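Biologist: Let us go through the cavities and cores of this model. I want the reasoning behind each label.

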Amino acid sequence: MTFVFYDTETTGKNTTFDQIIQFGAIRTDDQLRELERFEIRCRVLPDIAVSPGAMRVTGVTVEQLTDPSLFSHFEMVRAIREKLEAWSPAVFIGHNSLGFDEHLLRQAFYKTLHAPYLTNTNGNCRTDCLRMVQAVALCMPNALSIPINGRGRQIFKLDQLAPANGFAHEHAHDALGDVEATIYLCSLIADRAPLLWENFKRFAQKQAVMDYVLGEEVFALTDFYYARPYSWMVTAIGPNPENRSEVLVFDLSRDPQDLMRLTDDELASTLQDRPRAVRGVRTNAAPIIHAYDEAPDRLREAAPHLTTLRGRAAAIRADSGFRERLTEAYLAGREEYEEPEYVEEQIYSGFIDNRDQALLDRFQAAEWTERLSVLAKISDDRLRVLGDRLVYFEAPHLMSDSARRDHEVAIARRLTSEEDAVPWLTLSAAITEATDLLLNASGEETSLLRAHLDRLQKQADDASALLA
């Protein structure tokens with residue numbers, strides 16, 4: 001088994017609308033020995049208002065964002081895809097990758113007309129160093145040094161975790177520097193908490209999670225909210241019929257007999273109470289799960305006796321009608337799904353069908369002069385919109401003057417939108433952010449922020465002139 005550790009640096013924190021500007025990855029063997037590394041950067045896209053706060057953290061300058069010698073976003077994503085496919089199958093790992101980098105990578109593939117789900121298809125699977133560290137902090141608190149903030153809460157940020165455990169993190173917030181720090185932490189976990197490390201390797205695989213959750217009578221489930229752990233002794237209800245990557249489980253601190261007597265309406269209402277009696281386990285997202293005997297001591301001490309837990313689990317598993325009622329009540333309590341307004345948000349609004357996927361493969365293999373005719377044959381509205389935008393970014397000379405003008409106006413309107421009315425960062429919001437940050441800046445930071453502010457103001461002036 002090989003691992004691919006990766007990290008991204010981006011134009012901001014919005015995983016749907018921001019852009020990767022640097023990608024770094026290191027492939028290792030099963031013993032975490034480096035086999036190969038890869039790094040790439042690209043220019044910023046014209047429809048992005050860059051977050052000055054993000055640039056302050058990473059130290060990325062205006063010159064780096066706009067360097068004409070760098071790859072375009074499309075060229076960078078194609079290179080990333082080629083490398084990751086060559087390294088597959090593998091276990092993909094980042095620090096908070098499941099909460100951040102994974103979404104950005106999928107969006108990058110989607111927006112450049114690639115199949116989005118590279119890291120968990122075709123034999124690939126994924127896990128997350130952040131979840132590993134959190135599990136270690138909970139189950140083996142002496143294995144790693146976890147920093148504490150002024151409010152007494154544990155800090156799980158990589159730039160503080162790695163130095164606290166002896167890593168010279170001189171290149172924090174550089175993609176490859178963060179990858180090296182992530183490998184270092186995983187090496188410590190593998191050495192000091194080998195059972196937890198093996199657990200995470202095992203449960204990086206969706207089917208392994210599914211088999212365990214459905215087969216284990218009683219087990220412990222943990223999740224972290226705002227860096228605080230919450231754990232439950234649970235048993236499986238069954239797969240979520242609306243999401244094949246989720247299994248529903250029942251919190252065995254509740255007596256199921258109390259819920260069995262409720263009407264359907266009463267049951268649906270009760271399942272909305274906190275703590276939740278029913279919750280979902282995402283089988284493809286490295287859940288923190290343990291056998292009863294390996295669960296955190298404080299959870300076993302607070303839970304009912306194992307005999308009681310087993311009795312409750314047996315009652316649920318023996319009653320298929322009750323399990324069905326629990327599932328229906330759980331699904332009924334979810335918020336009704338509304339079709340997203342913007343094409344970037346529609347990545348999960350249906351899978352790409354086989355015919356369109358074949359056309360996308362042809363698109364990627366063709367030259368720009370041939371890609372326009374391929375795009376015209378695609379039936380998925382999302383892909384046609386993204387493809388048309390991609391042609392403007394990469395080969396505007398193939399468009400008519402009026403079509404280029406339409407894109408210029410659309411970008412100007414997008415960047416100058418009312419900031420409270422849209423989900424992306426607007427120029428006005430970015431300018432305000434830069435101005436506020438400059439109030440307390442000094443030295444090189446002042447120069448960096450000033451340059452970004454000047455660029456943002458020029459973008460705003462140019463957009464206003466275009467729309468005048």
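**Cavities and cores**

Biologist: Which helices each supply at least two residues of the lining of the largest cavity?

Modeller: Helix 3 (73–87), helix 4 (97–111) and helix 17 (381–394) do. Helix 17 gives the largest share, 5 residues. Bear in mind that this is a predicted model.

Biologist: What makes this space a cavity and not a pocket?

Modeller: A 1.4 Å probe fits in a cavity but cannot get out, whereas a pocket is open. The search of the whole structure finds 3 cavities of 30 Å³ or more. The largest holds about 220 Å³. Of its 22 lining residues, L45, D47, H73, K111 and F393 are the closest to its centre.

Biologist: How do you know that D47 also lines the second largest cavity?

Modeller: Lining residues have an atom within 4 Å of a cavity point. D47 is on that list, along with N14, F17, D18, I48, A49, R414, W424 and L425. The volume there is about 70 Å³.

Biologist: Why is W424 counted as nonpolar in that lining?

Modeller: Trp belongs to the nonpolar class, so W424 counts there. The lining of the second largest cavity divides into 5 nonpolar, 1 polar and 3 charged residues.

Biologist: Why is M55 called part of a nonpolar core?

Modeller: Core members are buried nonpolar residues joined through side-chain atoms within 4.5 Å. M55 is in the largest such core, of 43 residues, so M55 is buried and joined in this way. M55 is among those with the most contacts inside the core, with L65, L113, F363 and W368. Helix 19 (427–438) gives the most to this core, 6 residues.

Definitions and conventions
Residues numbered from 1 in each chain as written. Predicted model: local features only at pLDDT ≥ 70, side-chain atom pairs only at ≥ 80, totals over all residues. Heavy atoms only, no water. 1 Å grid on protein atoms, 1.4 Å probe; cavity = no way out; pocket = protein on both sides within 12 Å on 5 of 7 lines; lining within 4 Å. Points joined across faces, edges and corners; volume = space filled by probe spheres on them. Helix = DSSP H or I, 4+ residues; strand = E, 2+ residues; numbered from the N terminus. Buried < 20%, exposed > 50% of the residue type's maximum accessible area, 1.4 Å probe, protein only.
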